[in-house]
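Q: I have a model open on my screen and would like to learn how to read it. Could we go through it together, feature by feature?

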Amino acid sequence: MARVRLSVAERRGELLRAAIEQIEQRGAAAVRIADVASALGVSNALVLYHFSTKEKLVAAAFARAAEDDLTHLRRLLGRRTTALRRLRAAVRWYAPSGPAKGWRLWIEGWAVSLREPALREVARDLDRAWKAALAEVVAEGVAAGEFTCPDPAATALRLTALLDGLAVQLTSYGGTVSRSRAQEWVEQALARELGLTGPASGTAKAERPGIGHPGRLSGPASGTPEG
């Protein structure tokens, strides 16, 4: 059966999705142009037409993965609910004990970025965007009186560092810590950072009856964690 003719954007998207899958399976260092071409049943020349080198293909694949992650993060943080609920949803999704996939991909990316400047820029941009998005919601919660935090940017950095470190432990060194324990540590860290009296849950002071919240509550988006 003849392949459907795709636009340039559609073809690039198809190639990038295949590249991401191959990187997850084989690793960024081991993946070849031929692996991506074979996965789609196309020629090596077609892949090279859109991405002139393997390095450019890998960097573009990570950029696509970063865009997808940021889109989902912004969707979670843009929900019409309290800042605390939005932060919890984002942290649960990002944490290695949550539903987010692709940690092996990003651990591969961090390793390769030590030698590849283009990929290093992708990883750095994703890291900055994630921290900025978290810090913005923390600042919103402080302004609304939900919790206290003297330095939202520092809080975002510490939370991200904890999540990244736990992801490495759980992905690379299975059995070092259980997923439930890792999630417990993340909840405790979030509570400490926001000056809450207990874990970032229904027992925290910002969630107790009698403490007002902005009147903007709605149900969570489909497929996202309940706050």
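Q: Let me start with a single residue: where is the place of Glu116?
A: Happy to start there, and please keep in mind that this is a predicted model. Glu116 sits in the loop that links H6 and H7.

Q: Is Glu116 buried, partly exposed or exposed?
A: The way to decide is by relative accessible area: buried means under 20% and exposed means over 50%, with partly exposed in between. Glu116 has 29% relative accessibility, so the residue counts as partly exposed.

Q: Which distance separates Glu116 and Ala59, C-alpha to C-alpha?
A: The two are 8.6 Å apart in space, although their positions lie 57 residues apart in sequence.

Q: Let me step back to the whole chain. What does its secondary structure come to?
A: There are nine helices and zero strands. Read from the N terminus, the order of elements is α-α-α-α-α-α-α-α-α.

Q: How many of the residues count as buried, as a percentage?
A: The chain has 227 residues, and 46% of them count as buried. The exposed surface comes to about 11700 Å², with carbon and sulfur atoms supplying 54% of that area.

Q: What percentage of the contacts join residues at least 24 apart?
A: Taking contacts between residues at least 6 apart in sequence, 63% join residues at least 24 apart.

Q: Now to pairs of helices. What describes two packed helices?
A: The general idea is that you give the angle between their axes and the distance between the axes. Let's try it on H6 (residues 103–113) and H7 (residues 117–143): their axes come within 8 Å and cross at roughly 125°. H6 and H7 are therefore oblique to each other, and their crossing is left-handed.

Q: Which residues of H6 and H7 meet?
A: From H6 come Trp106, Gly109, Trp110, Val112 and Ser113, and they meet Leu119, Arg120, Val122, Ala123 and Leu126 of H7. Sorted by class, this contact holds seven nonpolar, two polar and one charged residues.

Q: Which residues in H6 are buried?
A: Those are Trp103, Leu105, Trp106, Ile107, Gly109, Val112 and Ser113. Their cover includes H1 (8–26), H4, H5 (83–94), H7 and H8.

Q: Why does Leu126 count as buried?
A: Leu126 belongs to helix H7. The residue counts as buried because its relative accessibility is 15%, and the cut-off for buried is under 20%.

Q: What does Leu126 touch, not counting residues up to four places away in sequence?
A: With those sequence neighbours set aside, Leu126 touches Ala66, Leu70 and Trp106. You can also look at Leu126 and Ala63: they are 63 residues apart along the chain, and their C-alpha atoms are separated by 8.6 Å.

Q: And Ala66, where is it found?
A: Ala66 is part of helix H4 (residues 54–77). Ala66 is buried, at 7% relative accessible area. Leaving out residues up to four places away in sequence, Ala66 touches Trp106, Val122 and Leu126. For Ala66 and Leu126, the C-alpha atoms are separated by 6.0 Å, with their positions 60 residues apart along the chain.

Q: Let me go on along the chain. At what angle do H7 and H8 pack?
A: H7 and H8 (residues 152–172) pack at about 125°, and their axes are 8 Å apart. That makes H7 oblique to H8. As for handedness, H7 passes H8 in a right-handed crossing.

Q: Which residues in H7 and H8 meet?
A: On the H7 side you will find Asp127, Trp130, Lys131, Leu134, Ala135, Val138 and Ala139, which meet Pro152, Ala153, Thr155, Ala156, Leu157, Thr160, Leu163 and Asp164 in H8. This contact divides into ten nonpolar, two polar and three charged residues.

Q: One last pair: at what angle do H8 and H9 pack?
A: Here the angle is about 175°, and the axes of H8 and H9 (residues 179–193) are 11 Å apart. H8 and H9 are therefore roughly antiparallel to each other. Thr155, Arg158, Leu159, Leu162, Leu163, Leu166 and Leu170 in H8 meet Arg179, Ala182, Trp185, Val186, Ala189, Leu190 and Glu193 in H9. By class, that contact has ten nonpolar, one polar and three charged residues.

Conventions: Residues numbered from 1 in each chain as written. Predicted model: local features only at pLDDT ≥ 70, side-chain atom pairs only at ≥ 80, totals over all residues. Heavy atoms only, no water. Axes fitted to C-alpha atoms, helices over the stretch in contact; angles between N-to-C directions. Helix = DSSP H or I, 4+ residues; strand = E, 2+ residues; numbered from the N terminus. Parallel < 35°, antiparallel > 145°, perpendicular 65-115°, else oblique. Left-handed = near helix turned anticlockwise from the far one by under 90°. Contact = heavy atoms within 4.5 Å. Nonpolar A, V, L, I, M, F, W, Y, C, P; charged D, E, K, R; others polar. Buried < 20%, exposed > 50% of the residue type's maximum accessible area, 1.4 Å probe, protein only. Areas by Shrake-Rupley, 256 points an atom, 1.4 Å probe, with all protein chains shown as cover.
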